[in-house]
Amino acid sequence: MFENMNEEEARREILKQVSEYAKKYHCEKREYNDGDRIPYASRVYDEKEMLNLVDSSLEFWLTAGRYTDKFEKEFAGYLGVKFASVVNSGSSANLIAFMALTSPLLGERRVKRGDEIITVAAGFPTTVAPVIQYGAVPVFVDVTIPQYNIDVTKLEEAYSEKTKAVMIAHTLGNPFNLKAVKEFCDSHGLWLVEDNCDALGSVYTINGEDKLTGTIGDIGTSSFYPPHHMTMGEGGAVYTDNPLLNRIIRSMRDWGRDCICPPGQDNFCGHRYDGQYGELPAGYDHKYVYSHLGYNLKATDMQAAVGCAQLEKFPSFVKRRRENFAMLYEGLKDLEDKFILPEAAENSKPSWFGFLITVREGLSRNEIVRRVEADGVQTRMLFSGNLLKHPCFNEMREAKTGYRVVGGLENTDRIMNDTFWIGVYPGMDEKRINRMIRVLHDAVL
């Protein structure tokens, strides 16, 4: 086929056939039938993602390259921040976000082992895992229902002379009270890390300005795992407006190097052999100078290529999630004697990741979930429920060390026992929404 073509012509022909293949085998939507299972999330894509993916693979660059550069620039532009760094997962994004705060470059504000980080137990474990793995101390605060976010009235009680940061997630797209948390952090000189993995596209109004969640604290993180608001397959991002934090984030992501040369480039700064670092010999190759004990958490350019196509569609994803949430809420309002329905945070416009439901006293969450699942609607728990109850905490719980709890975690335990959620992903249509409404009615009536 390619005998009489140059490379560019051959590439165009390959991509033309990929487009036809994608339209035929991936983009033709099968008609929804009333008995089909409804997942809580799924990928939403068309031929553009597949074209970008193959285009990147034909270059065979494999590691971060031109698509990564494009995505980082466009993603930062969407968020309205100065710096964005692509990583290989949302969990890696949280790891780097926290570890950046341990850098000696931050001086007195550096997080050291034994310092305390305020967070919640009603969430995903990788928001907390980096804190424990480093040797800092998570301080757990209860949450509110039906917002499912940190109870800000407990912040001052959680504070101690060892507190250095607050690191919490916006739960299933619903922003936490950023005004109160930001004021608390500013008053005590604390870092604020927004785990934005479940809330990309959510808007919070602060000081009269509409801002996207993840951009109000010092560092924000995102996940691009398939069920999330947009996907790269695997992937994530860390973002900030702080040039020093960005330098540390890049170093932590790229083996801990001091060097800022992009992959495949040398002597970007023009001073590769004329520096003095630590106790190394003068002029030691700067490309192999390590200012941090870092990692290799880069994503591939093929992942970023998919992300570039997803980002073009992203505003429509957010719009559809809000519409689906609104339809579910309207359809379930008559069950408020059975269910506590979710409530958006004040001053917010959530980009909902899911529709949270807490069953009222006298009803069994597990029984309802089994009925809903048996009728073909997929459900999920609110992640760990209460992280402190999990086997990963057995040793610390028994030794009564390594973490601190402020007051009781009554609502956290209530979520563990009585809460579940269903999806609102943008691939859902009115037929699916109506079916979910019927199934939930049938489960309790």
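This is a short talk on the fold of one protein chain, from its overall dimensions down to a few individual residues.

Hi everyone, and thanks for coming. One thing before I start: what you have in front of you is a predicted model, so please hear every value today as computed from that model.

Let's begin with the whole chain. By secondary structure, we have 13 helices and 14 strands. How does the radius of gyration of this chain sit against that of a compact globule? For 445 residues, the globule rule gives a value near 22 Å, and the chain comes out at 23 Å, so the two agree. If you prefer extents, the C-alpha trace spans about 75 × 70 × 45 Å along its principal axes.

Now for burial and surface. Of the 445 residues, 53% are buried. The accessible surface is about 20300 Å², and carbon and sulfur atoms account for 50% of that. On contacts, take the pairs of residues at least 6 apart in sequence: 73% of those contacts join residues at least 24 apart. And for those of you who think about electrostatics, the chain has 53 positive and 63 negative charges, and the mean positions of the two sets are 1 Å apart.

Let me zoom in on one strand that I enjoyed looking at, β8, which covers residues 219–223. Why can we call β8 largely enclosed by the rest of the structure? Because five of its five residues are buried. You can see this on both faces: Ile219, Thr221 and Ser223 are buried on one side, and Gly220 and Ser222 are buried on the other.

Which strands pair with β8? One is β5, residues 191–195, which runs parallel to β8 and is joined to it by three bridges. In that pairing, Asp195 has Thr221 as its bridge partner. Another is β9, residues 236–240, which is antiparallel to β8 and pairs with it over four bridges. There, Gly220 stands opposite Tyr239 of β9. So if you click on β8 in your viewer, look for a parallel neighbour in β5 and an antiparallel one in β9.

There is also an open sheet of three strands, in the order β10-β12-β14, with antiparallel pairing. Its edge strands are β10, at 339–340, and β14, at 419–423, each of which pairs on one side only. Between β12, residues 354–359, and β14 there are five bridges. One pair to look for is Phe355, whose bridge partner in β14 is Ile422.

On to single residues. Phe314 lies in helix α9, which covers residues 301–332. Is Phe314 buried or exposed? Its relative accessible area is 1%, and under 20% means buried. Leaving aside residues up to four places away in sequence, Phe314 touches Tyr78, Leu200, Gly201, His229 and Met230. For a sense of scale, Phe314 and Glu398 are 84 residues apart along the chain, and their C-alpha atoms are separated by 45 Å.

A second one is Asn386, found in the loop between α10 and α11. This asparagine counts as buried, with 2% relative accessibility. What does Asn386 touch, not counting residues up to four places away in sequence? The list is Ala121, Leu409, Thr412, Asp413 and Met416.

Finally, some backbone geometry, which I suspect this group will want to check. As a reminder, most residues other than glycine have a negative phi, and most peptide bonds are trans. With that in mind, look at the loop between β3, at 137–141, and α6, at 155–158, which is where Pro146 sits. The peptide bond from Ile145 to Pro146 is cis, with omega near 20 degrees. That loop between β3 and α6 also holds Tyr148. Tyr148 has a positive phi, near 65 degrees, without being a glycine. Tyr148 is also buried, at a relative accessible area of 1%.

Where else is there a positive phi? Asn347 has one of about 65 degrees, and it is not a glycine. This residue lies in the loop between β10 and β11. Its relative accessibility is 40%, so Asn347 counts as partly exposed, whereas Tyr148 is buried.

That's my tour. If you open the model afterwards, I'd start with the enclosed strand β8 and then go to the cis bond before Pro146. Thanks for listening!

Note on methods: Residues are numbered from 1 along each chain as its sequence is written. This is a predicted model: local features need pLDDT of at least 70, side-chain atom pairs count only at pLDDT 80 or more; totals for chains, interfaces and linings use all residues. Side-chain values use heavy atoms; hydrogens and water are left out. Helices (H or I, at least four residues) and strands (E, at least two) are DSSP runs, numbered from the N terminus. The radius of gyration is taken over C-alpha atoms; the globule rule is 2.2 Å times the number of residues to the power 0.38. Buried means under 20% relative accessible area, exposed over 50%, partly exposed in between (1.4 Å probe, protein chains only). Contact means heavy atoms within 4.5 Å. Accessible areas come from the Shrake-Rupley method with a 1.4 Å probe; for residues, only the protein chains shown count as cover. Lys and Arg count as positive and Asp and Glu as negative; His and the chain ends are not counted. The place of a charge is taken as NZ of Lys, CZ of Arg, CG of Asp or CD of Glu. Two strands pair if DSSP finds at least two bridges between them.
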